[in-house]
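Trainee: Could you walk me through this structure step by step, beginning with its overall make-up and then turning to its inside and its surface?

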Amino acid sequence: MSDAPTTSAPRTPAHPSGGVGAGGPHGSTPEATITDPRNGARKSVSRPGDRIFGSLATGSAVFISLIIGAIAVFLVWRAVPALQRNTVNFLTSREWVTQDIEKMAFGVLDLFQVTVLVSLFALLLAMPVALGIAIFLTSYCPDRIKKPLAYVIDLLAAVPSIVYGLWGLLVLAPAIRPFAQWLNDNLGWFPLFADGSGSIVGGGTIFTAGIVLAVMILPTIAAVSREVFVQTPVAHIEAALALGATRWEVVRTTVIPFGKSGYISGSMLGLGRALGETMALYMILRTTSQAFSWSLFDGGATIASKIALGYAEFNNDIQAGAYIAAGLVLFVLTFVVNAAARMVVAGKKD
């Protein structure tokens, strides 16, 4: 027997995972990660549901845009024949004579001014109240009455506009008559409270109509603002409290800055409704032949209520075209308001 030393082959190291490699149950080659050969990254999976939802969302946006474009084309198409027969400047004239289609003289200046004044007056009244309601419901209101109170405020949006008109004419106008008279007597030197073409005693003025309109748009602004304020990050609120801030300081430094853009958006949404409100203003405002003087005690008609007043002339295409031209101005005005609101909101973002 030989005395030469014997050596054994080295053992194959075990697989780190305890066993199975790419070469079999006892193989030593680790598994390779499956990657995209083009960029080495794992490919994202596009599921059928995602594709369907994306197509529906895109189609809905295109469909709505087409509808809005079709409305604009219809308004222009129906307004042009009447504008061609108009004997005065449509944008600067205060006349509205459309009975004789051969001698039509109609302008939208007074209608535009009344629409803007009553809407801005309503917005000026509604915005502070809606802000207070939203802050109270999100930061101060006890939990046991928060939901019922929010529900009652939201119900104001469900009241028909004709009911608001009756309430404003029969209940609100007599109730605010002494206050309106006091404003006219003591602040009549200011143009907004000067004598106007409307009757303070009768109540058919922009002052009454603006208050009713403010009540109508109040739930819209309050609801949007409340939903935005309630989304304020809890961490921000807790950080302010940890620094010793009072509840009002938390609202002022955290809640309001966070929800400012939503509050402005809700206000512009309310303004959009105010610009197009018809029946309530149709019932409250008293028409007049006097020129509009930018007084809250003027009468007159908004663009929407003027269209409602002239429904008897719609059996003639040319006469109807005059009112459609006024509707086109209102259509453009709402677009301008929405565009301005988006610019304001974009400018408020941090």
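The questions and answers below concern this predicted model.

Trainee: How many helices and strands does the protein chain have, and in what order do they run?

Mentor: Going from the N terminus on, the elements follow the order α-β-β-α-α-α-α-α-α-α-α-α. Counted by type, the protein chain has 10 helices and 2 strands.

Trainee: Which residues touch the most other members of the largest nonpolar core, and which helix gives the core its largest share?

Mentor: The largest nonpolar core holds 76 residues, and the members touching the most others are Ile-206 and Phe-207. The largest share of this core, 14 residues, is supplied by residues 317-348, that is, by helix α10. Leaving aside residues up to four places away in sequence, Phe-207 touches several residues, including Phe-121, Ile-176 and Leu-296. The names asked for are thus Ile-206 and Phe-207, with helix α10.

Trainee: Which helix gives the most to the nonpolar patch on the surface?

Mentor: The patch has about 990 Å² of accessible area together, and among its residues are Trp-167, Met-279 and Phe-314. At least two of its residues come from each of α4 (161-186) and α8 (279-284). With 6 residues, the helix that gives the most is α4.

Trainee: Is Leu-309 of the patch buried, partly exposed or exposed?

Mentor: Leu-309 belongs to the nonpolar patch and is found in helix α9, which covers residues 303-309. Buried means under 20% relative accessible area and exposed means over 50%. Because its relative accessibility is 37%, Leu-309 counts as partly exposed.

Terms used. Residues are numbered from 1 along each chain as its sequence is written. This is a predicted model: local features need pLDDT of at least 70, side-chain atom pairs count only at pLDDT 80 or more; totals for chains, interfaces and linings use all residues. Side-chain values use heavy atoms; hydrogens and water are left out. Patches are made of residues with over 30% relative accessible area and no salt bridge: like charges are joined within 9 Å, nonpolar side chains (Val, Leu, Ile, Met, Phe, Trp, Tyr) within 5 Å. Accessible areas come from the Shrake-Rupley method with a 1.4 Å probe; for residues, only the protein chains shown count as cover. A salt bridge is a side-chain nitrogen of Lys or Arg within 4 Å of a carboxyl oxygen of Asp or Glu. Helices (H or I, at least four residues) and strands (E, at least two) are DSSP runs, numbered from the N terminus. Buried means under 20% relative accessible area, exposed over 50%, partly exposed in between (1.4 Å probe, protein chains only). A nonpolar core is a set of buried Ala, Val, Leu, Ile, Met, Phe, Trp, Tyr and Cys residues joined through side-chain atoms within 4.5 Å. Contact means heavy atoms within 4.5 Å.
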